[in-house]
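Tutor: Here is a structure for us to go through together. Take a good look at it, and then ask me whatever you like.

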Amino acid sequence: MIIREIIESAETNLLCEYACHSQFSKGRHTEEEACPVRTIFQVDRDRILHSKAFRRLKYKTQVFLAPEGDHYRTRLTHTLEVSQVARTMARALRLNEDLTEAIALGHDLGHTPFGHAGERVLNEILPDGFHHVNQSLRVVELLEKDGKGLNLSREVRDGILRHSKGRGALLGRSRKDLPATLEGQLVRLSDVIAYVNHDLDDAIRGGLINKNDVPSVLRSALGDDSSQRLNTMITDLIETTLAADYATVQLSVPVAEQVTRLRDWLHVNVYQSAAVEEDFRKASRVLRELFEYFVAKPQEMVTYGCRCEEDDCIEILIADFLASMTDRYAMNLYQKLFFPQPWKST
Ligand code: MG
């Protein structure tokens, strides 16, 4: 037996019967020869980790714009926290940890610069709207590797596409809205578990709110600090999913209600706070003006390594370019295009 087959057969003993076993993957869009050493999901995880889009997450906003403080989350550290939360639960539930990790590392690859402000602007400008979820899929299917895409497995692409909850209910979604695999469902909830905790932590760090501003009902139900809250949510998810015999990956109703309340509280007190909104307004203007600039001069995008062919929809190409930018890239480009540049001496 080759190494991959040994790993695949070890999964048979290690994983529960409801897990997505690597050897039964529905495969890739374009068939390829299997890796002799790694399972299909290990390969997918590595492809995502080595992609350029993944490295750009380092300089994309989570909540605070291009933060100078070293301890604030960025889109990259958010992604890593989602991945770790999800992997912990995957192992406890005997689900496929490699598949879980691949989905988690890929889930936010399509995020714009300036967080949801960037997403909102592109959504307003584009005739068919814009959502980071669809863009994440576009990155892995089309944009990475100079237009060749990463040719990921169907399970990883499904998990990426269906990870978002918007502001809707955490529970009670119809089955068709949920990822097809339990691993995908796990990442979907790990995303919210990670961000309500780290965004709250960063908001306190940034002086936007005080620890004691968090309603006492939430503190007593979920815990008083990040570590306690993570523990409450993770333990609850594992126990509830086991008790439901893996019908879906789920939180208990009381904990899901408190997580939803915490998320809604963060929306009012952090995401929509005057300080965050003020920065978002400025960031929106940057992206909007860049968009208009390239609509007027589409050929200039070639200078920046973008495709610009006659039969392509120019708005979509510009959106791909803008969405790919990091916060600092967008701000530098804006400065270069719109600010007078000092003459350089010869
Ligand atoms: Mg996320």
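**Loops, helices and a metal site**

Student: Let's begin with a loop. Where is the place of arginine 94?

Tutor: A word on the ground rules: this is a predicted model, in which local features need pLDDT of at least 70, side-chain atom pairs count only at pLDDT 80 or more, and totals for chains, interfaces and linings use all residues. Residues are numbered from 1 along each chain as its sequence is written, and side-chain values use heavy atoms, leaving out hydrogens and water. Helices here are DSSP runs of H or I with at least four residues, numbered from the N terminus. By that naming, arginine 94 is in the loop between H4 and helix H5 (97–106).

Student: What is the phi of arginine 94 near?

Tutor: Most residues other than glycine have a negative phi. Arginine 94 has a positive value although it is not glycine. Its relative accessibility is 40%, so arginine 94 counts as partly exposed (between 20% and 50%; under 20% is buried, over 50% exposed, with a 1.4 Å probe and protein chains only). The phi of arginine 94 is near 60°.

Student: And what is the phi of aspartate 245 near?

Tutor: Aspartate 245 sits in the loop between helix H11 (226–243) and H12. At 46% relative accessibility, aspartate 245 counts as partly exposed. Its phi is positive too, in a residue other than glycine, near 55°.

Student: On to the metal. Which residues are the protein donors of the magnesium ion?

Tutor: Donors are N, O and S atoms within 2.8 Å of the metal (3.2 Å for Na, K and Ca), and sites may look incomplete because water is not among the atoms. The donor residues follow the spacing H-x28-H-D-x82-D in sequence. Histidine 78 in helix H4 and aspartate 108 in the loop between H5 and H6 link distant parts of the chain, 30 residues apart, and both are buried. Lying 2.2 to 2.4 Å from the ion, the protein donors are His78 (NE2), His107 (NE2), Asp108 (OD) and Asp191 (OD).

Student: How far away from lysine 60 is the nearest side chain of opposite charge?

Tutor: Lysine 60 lies in the loop between helix H3 (52–56) and helix H4 (75–93). Lys and Arg count as positive and Asp and Glu as negative, with His and the chain ends not counted. Lysine 60 is buried and has no salt bridge (a side-chain nitrogen of Lys or Arg within 4 Å of a carboxyl oxygen of Asp or Glu). The nearest side chain of opposite charge is that of aspartate 327, and its distance is 7.2 Å.

Student: Which backbone oxygen does the side chain of lysine 60 reach at 2.7 Å?

Tutor: The side chain of lysine 60 reaches one backbone oxygen at 3.4 Å, that of methionine 325. At 2.7 Å, the backbone oxygen is that of alanine 323.

Student: How far apart are the end C-alpha atoms of helix H13?

Tutor: The expected span of a helix is 1.5 Å times one less than its number of residues. Helix H13 (residues 274–296) has 23 residues, so it should span 33 Å. The prediction agrees, with end C-alpha atoms that are apart by 33 Å.

Student: Which helices are included in what covers the buried residues of H13?

Tutor: The buried residues of H13 include Val276, Phe280, Leu287 and Phe294. Their cover, in contact terms (heavy atoms within 4.5 Å), includes helix H6 (115–125), helix H12 (253–271), helix H14 (314–324) and helix H15 (327–338).

Student: Which residue forms a salt bridge with glutamate 277?

Tutor: The closest N and O atoms of this salt bridge between glutamate 277 and arginine 120 are 3.9 Å apart. Glutamate 277 lies in helix H13 and its partner in helix H6, so the pair ties together parts that are 157 residues apart in sequence. At 39% relative accessibility the partner counts as partly exposed, and that partner is arginine 120.

Student: Last one. What distance separates the C-alpha atoms of tyrosine 271 and phenylalanine 64?

Tutor: Tyrosine 271 is found in helix H12, and at 14% relative accessibility tyrosine 271 counts as buried. Leaving aside neighbours within four places in sequence, its contacts include Val63, Tyr195 and Glu277. Tyrosine 271 and phenylalanine 64 are 207 residues apart along the chain, yet their C-alpha atoms are separated by 9.3 Å.

Technical notes. Helices (H or I, at least four residues) and strands (E, at least two) are DSSP runs, numbered from the N terminus. A polar contact is a pair of N or O atoms within 3.5 Å; within protein, one must be able to donate a hydrogen and the other to accept it, and residues adjacent in sequence count only if both atoms are side-chain atoms.
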